[in-house]
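Work through these exercises on aromatic rings and the charges placed over them. Each task is followed by a stepwise solution.

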Amino acid sequence: MQSVFILLTAIIIARLPLCPARYHPTQLINNLCHAIANKVNNAQRSHQQQVIAGSLATFIMLGFILAIAVVIEFIVIESIIFELLLLLCLLQWEKISLPTVDLGTLEKQTIITQIQPRILRDLDQLSLLGLHKASIENLCLRNSYQWFAVIFWYSCLGIWPAIIYRVIQLMAHNWNCKLADNHHFGRPVGAVLQLLALPTHLILACTLRSLQRATSPLSNLIQQAKKWHHFGSGLLLSSFAYSLAIQLGGPRKYQGVMQRFSQLGHNQPAQREDIQRAQQKLTLAMVIWLCFITAIYVLIAIK
């Protein structure tokens, strides 16, 4: 039951507004990723050389962070404190704070200011409805990657797999192959991330589907997910869209380049209040996960 105690304590502390996002410990890894990419990611090299450079950078970065974690474990000594500190560094809950009063067109800049630092797509040309949709997609995917997936790997295999996963996720985000500069350099770590995140996407998609307002055939979700560029994230977003009875997906721009993505969910456009409903559903999904994980650990302890 020690793992459950550590996990619940870390989640409670991580959800408190103690540290602004720009001061989160993962920002150090983000800065390091940018520095490494600036050194070794050369667009003038061949595509194969860029892929090799991305693979080597992934191994070097991962080894460096793990070495730091080993040093921290040696200094801390107590395993329970070490795991608690590391989980607090790994967990990062994304949220969007909207003003209580609808500001109309002025709200556009409020949303852009909050989500631009953590989203890769171009936002300036989006309408207010488009920003609502982008915000909901960002909430779903980011919390899946940097919250639910960390909980999944820690609960299943312990702190070290959770560390490895989170470092890979941060590298994949900073070297995202949707961006033209990282199209080949970021492919190796991106492929590893999609493999590691797949179980979380599928389980969270099933959780959200159980919370949806109107029933939708599973065949619809699978059909939409197959049209998405990654099946796992497509199924997750499709389930979330059906859960909110709105439409997600569609084309978007990265560094000025338009990329086509399929539509997911219903035909109803996302509204302002859907952002708050999205955050509530994700919080409820987290509670369901924690209850399920705690129940499993209790059963194991009884046996």
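**Exercise 1.** In this predicted model, decide whether F152 is buried or exposed.

Solution. Take the relative accessible area of F152: 16%. The cut-off for buried is under 20%. F152 is therefore buried.

**Exercise 2.** Classify W153 in the same way, as buried or exposed.

Solution. The relative accessibility of W153 is 15%. Buried means under 20%. So W153 counts as buried.

**Exercise 3.** Classify the contact between F148 and W289, then locate both residues in the chain.

Solution. A pair of aromatic rings is described by the distance of the centres and the angle of the planes. The structure holds 7 aromatic pairs. For F148 and W289, the centres are 5.0 Å apart and the planes meet at 75°. Planes over 60 degrees apart count as edge-to-face, and this pair is edge-to-face. Next, the location: F148 sits in helix α6 (residues 128-157) and W289 in helix α11 (residues 272-302). They are 141 residues apart, so the pair links distant parts of the chain. Last, the burial: F148 is buried at 0% relative accessible area, and W289 is buried at 7%.

**Exercise 4.** Which residues do ring pairs link into a cluster with F148 and W289?

Solution. W93 and W147 join F148 and W289 in the cluster.

**Exercise 5.** Which charged residue sits over the ring of W93, and which lies over the face of F261?

Solution. Start with W93: the charged end of R15 sits over its ring, 4.3 Å from the centre. Then take F261: R252 lies over its face, at 4.7 Å from the ring centre.

Terms used
Residues are numbered from 1 along each chain as its sequence is written. This is a predicted model: local features need pLDDT of at least 70, side-chain atom pairs count only at pLDDT 80 or more; totals for chains, interfaces and linings use all residues. Side-chain values use heavy atoms; hydrogens and water are left out. Rings of Phe, Tyr and Trp (its six-membered ring) pair if their centres lie within 6.5 Å; planes under 30 degrees apart count as stacked, over 60 as edge-to-face and the rest as tilted. Helices (H or I, at least four residues) and strands (E, at least two) are DSSP runs, numbered from the N terminus. Buried means under 20% relative accessible area, exposed over 50%, partly exposed in between (1.4 Å probe, protein chains only). A charge sits over a ring if NZ of Lys or CZ of Arg is within 6 Å of the ring centre and within 35 degrees of the ring normal.
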